[in-house]
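Here are my notes on this one, in the order I would look through it myself. Keep the structure open and turn it around as you read.

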Amino acid sequence: MSARRVAVTGLGAICALGRGVEATWAALSEGRSGIGPIESVDGAGLRFSNGAEVRDFDPARHLDSSRADLLDRFAQFALVAAREALSDSGVALTAELALRTAVFTGSCLGGQSTQDAGFVELYRRGRERVHPLSIPRIMANAGASQIAMELGVRGPCCTMSTACSSANHAIGHAFWLVRSGVAELALAGGSEAPFSPGHLKAWEALRVIAPDTCRPFCRDRLGMILGEGGAMLVLEPLEAAQARGARVYAEISGFGMSADAHHVTQPTVDGPVRAMRAALSDAGLAPDQVGYVNAHGTGTRGNDSAEARAIREVFGPRRASPAVSSTKSMHGHALGAAGALEAVATVLALHTGILPPTANFTAPDPECDLDVVPNEARTARVEAALSNSFAFGGLNAVLAFRSRG
Amino acid sequence: MPDSLVETVVSAIAEVKRLPRERVSLDSTFAELGMDSLDTLTLLFELESRLRIAVPDEAAKSVRTVRDIVEGIRGLTAGAATSPP
């Protein structure tokens, strides 16, 4: 049986750039950053003060109160993005289709803010108990489970937790299920809500957060900026999408994974190279067909120079290399949601012919010799694109997409 | 006073890396001691607690030797002594 082609027919997103895909894409395509002073957590005593938070998110507008009580912020983001993506796709989720529909979510941290708040009660306020719904809020699969319960999805559902690669691993595996015929439809993506005092302290201790903003591939980069949010994609066989007259944003055509087997935080060049090559091979793409790479591009010294070397190794000398941008410069590093937000950016870049830029760019770094689309979006019809995610722990996941244009 | 700072740094490194103290000297580089970036983070975390100091991220990125740490801490504490309350 030959593998099926898989279409992306629905998108949902919520992040610092906006509540919904339209607002998110408007900011991405205008090079507008959502990074600003952290407001949801008292940052007194923190060595950094900026983040990319979802502003003005009122759970009561999306969930009735008993439901909202059961969902940590990260799961709320997953559910809101999934609803938008399904509605955007126009798919009628019949009882029969629901049995063959998959939900794959990525989350690095699960409901850590619920856990943090519970610990404050126990250890600081001297209370003797925590909220009875803490466990179902904290579990990392809460997003996938809540999506399945609300939409009545009854096929393969699970959550991948591979730090910053979580969403790419989730989307990639869901893509493979649809391509192979195990699933007829998939909702895939990720969500994260990392802003709690205890969690921010843990990042502070790692000394990788920039005191100013996120400047990927830039000479003046000082580290990453944490972000939050969620994004989901609807994946279905291209034939089915065409049969129902659906809008196809792009095809998802390849997925590649690798492990560095090296160091828990220091990246390698070899691991990302092998993941990008695996994604190209899985997609049946030659490197010169790829016109855009949405980079992992965290803005740390270590990631960006290693990733730049890896991209140049895969694509050859600079003149032959694709445009590369890191949209983390705008939506921040949303950890387990990062790959999902970036997949939305990549799919819309292919669909609209507008490549989102690397924002906050000041001056090039010779260590990152790439065409990084500095500060301003670029109009360019490209045939195919990659979206990179490389996790702490050395776990790499790369998605390949093809334009329908 | 300076000697006790060297002593504090050396013993912290010996503990973090589980090395005999005599292996660690003021002239040791982190590379010679087998210290990677995470060991350096752990060392700075220990020293911040023991000496009640705060090492800024930018200063933390540039330390490569035991001497870098000792001189960096001297600079920090001297700065603290002369800055207004």
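1. Let's start with chain B, and keep in mind that everything here is a predicted model. Chain B has 85 residues, and buried ones make up 16% of them. Its secondary structure is quick to learn: four helices and zero strands, so to speak a plain α-α-α-α when you read along the sequence. Now look at the contacts in chain B with a separation of 6 or more: 53% of them come from residues 24 or more positions apart.

2. How many residues of chain A are in contact with chain B? Eight residues of chain A do the job, and they meet seven residues of chain B. On the chain A side, those residues divide into three nonpolar, three polar and two charged.

3. Next, chain A itself. The domain assignment splits chain A into domain 1, residues 7-243, and domain 2, residues 254-402. Measure from centre to centre, using the C-alpha atoms, and domain 1 of chain A and domain 2 of chain A lie 21 Å apart. The two share a contact region in which 64 residues of domain 1 of chain A touch 58 residues of domain 2 of chain A.

4. Which elements build the domain 1 side of that region? In chain A, β1 (6-15), α1 (21-30), α8 (166-180), β7 (185-192) and β8 (229-237) each supply at least two residues to it. The biggest giver is α8(A), with eight residues. By class, this side of domain 1 of chain A has 33 nonpolar, 23 polar and eight charged residues.

5. Now for some helix packing. Two packed helices are described by the angle between their axes and the distance between the axes. Try helix α3 (residues 73-89) and helix α7 (residues 142-151) of chain A: they pack at about 45 degrees, with axes 8 Å apart. An angle like that is why α3(A) counts as oblique to α7(A). Their crossing is right-handed. From α3(A), the contact uses Phe74(A), Ala75(A), Ala78(A), Leu79(A), Ala82(A) and Leu86(A), while α7(A) brings Ala142(A), Gly143(A), Gln146(A), Ile147(A), Glu150(A) and Leu151(A). Sorted by class, the contact of α3(A) with α7(A) has nine nonpolar, two polar and one charged residues.

6. Here is a second pair to try. In chain A, helix α11 (residues 270-283) and helix α12 (residues 301-315) pack at an angle of about 45 degrees, and their axes are 8 Å apart. That makes α11(A) oblique to α12(A), and α11(A) passes α12(A) in a right-handed crossing. In this contact, Pro272(A), Val273(A), Met276(A) and Arg277(A) of α11(A) meet Glu307(A), Ala310(A), Glu313(A) and Val314(A) of α12(A). The class count for α11(A) with α12(A) is five nonpolar, no polar and three charged.

7. Last, zoom in on one residue, Glu184(A), which sits in the loop between α8 and β7 of chain A. Is Glu184(A) buried or exposed? Glu184(A) counts as buried because 20 C-beta neighbours fall inside 10 Å. Setting aside neighbours within four places in sequence, Glu184(A) is in contact with Leu97(A), Arg100(A), Thr101(A), Glu236(A), Pro237(A) and Ala240(A). For another distance to check on screen, take Arg244(A): Glu184(A) and Arg244(A) are 60 residues apart in sequence and 14 Å apart in space, C-alpha to C-alpha.

Conventions:
Residues numbered from 1 in each chain as written. Chains lettered and ligands numbered in written order. Predicted model: local features only at pLDDT ≥ 70, side-chain atom pairs only at ≥ 80, totals over all residues. Nonpolar A, V, L, I, M, F, W, Y, C, P; charged D, E, K, R; others polar. Domains from an automatic or database assignment. Axes fitted to C-alpha atoms, helices over the stretch in contact; angles between N-to-C directions. Parallel < 35°, antiparallel > 145°, perpendicular 65-115°, else oblique. Left-handed = near helix turned anticlockwise from the far one by under 90°. Buried ≥ 20, exposed ≤ 12 C-beta atoms within 10 Å, placed from the backbone.
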